[in-house]
Amino acid sequence: MDMKFICRAFCVFALFALFHAMPALSAEKGHGRHGGKPAMKESPKKGETMEGITLKIAGGEIQSGKKVVRVKQGDEVKLNLMADKTTEVHLHGYDIEKTVPPDGVTVMAFRARVAGRFPVTLHGSHSHGRKKSGGHGEKVLFYLEVHP
């Protein structure tokens, strides 16, 4: 077999193993859907700007047109989420779920420990009849790419 093929196969396997290990790790630290950590609401004070990446959800779509958010592995990521109505958002791979109410900003903060491309999806009734991911009735809002 070609050595290049073997190296690629090993890398894919390693990423796959890490991808499936992350939900357990994040739940242990209280970041997962089973960790019981409530969504944080933060609003900037007058004259202040928010740190991180701000994404607005309206009508079940990201309004900036941004379909991929790119970060570096090891970065502290802070996604400031706003929505026009109560929305459930799930970052796959890191197994982080947040409820985004229409009256503020919900922060999804975490360290990007695992490299890869991870879908961020809508949960619940907001996704009926729309593009699905993984057979769970989830609509992909955007992808988080974590680069080594």
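Two strands count as paired when DSSP finds at least two bridges between them. Keep that in mind as you click around this predicted model.

**Stop 1: the strands around S5**

Select strand S5, residues 76–83, and then strand S8, residues 106–111. S5 and S8 run antiparallel and are joined by six bridges. To find one of these spots, pick Leu81: its bridge partner in S8 is Thr106.

Now add strand S2, which covers residues 53–58. S2 pairs with S5 too, here in the parallel sense and over five bridges. Click on Ile53 and look across to S5, where its bridge partner is Leu79. While you have strands on screen, try showing the side chains: in a regular strand they alternate between the two faces of the sheet.

**Stop 2: Arg111 and Glu76**

Stay with S5 and S8, but switch to charged residues. Side chains of opposite charge can pair when their charged atoms come close. Select Arg111 and Glu76, whose side chains meet in a salt bridge at 2.6 Å, N to O. Arg111 belongs to S8 and Glu76 to S5, and the two are 35 residues apart along the chain. Turn on a surface here: Arg111 is partly exposed at 35% relative accessible area, while Glu76 counts as exposed at 54%.

**Stop 3: Arg70 and Glu145**

Next, pick Arg70 in strand S4 (residues 68–72) and Glu145 in strand S10. Their side chains form a salt bridge, 3.3 Å from N to O. These partners sit 75 residues apart in sequence, so the pair ties together separate parts of the chain. Which one is buried, and which is exposed? Glu145 is the buried partner, with a relative accessible area of 12%, and Arg70 is exposed at 56%.

**Stop 4: Lys139 and its network**

Move along S10, which spans residues 139–147, to Lys139. Lys139 makes a salt bridge with Glu61, and the closest N and O atoms are 2.5 Å apart. Glu61 is in strand S3 (residues 61–62), 78 residues away from Lys139 in the chain. Lys139 has a relative accessibility of 5%, so it counts as buried, the cut-off being under 20%. Glu61 is partly exposed, at 31%.

Before you leave, add Lys67 to the selection. What links Glu61, Lys67 and Lys139? A network of salt bridges connects these residues.

**Last look**

Zoom out to see the whole chain again. The salt bridges in this model come to five, among them the pairs Lys139–Glu61, Arg70–Glu145 and Arg111–Glu76.

Methods
Residues numbered from 1 in each chain as written. Predicted model: local features only at pLDDT ≥ 70, side-chain atom pairs only at ≥ 80, totals over all residues. Heavy atoms only, no water. Salt bridge = Lys/Arg side-chain N within 4 Å of Asp/Glu carboxyl O. Helix = DSSP H or I, 4+ residues; strand = E, 2+ residues; numbered from the N terminus. Buried < 20%, exposed > 50% of the residue type's maximum accessible area, 1.4 Å probe, protein only.
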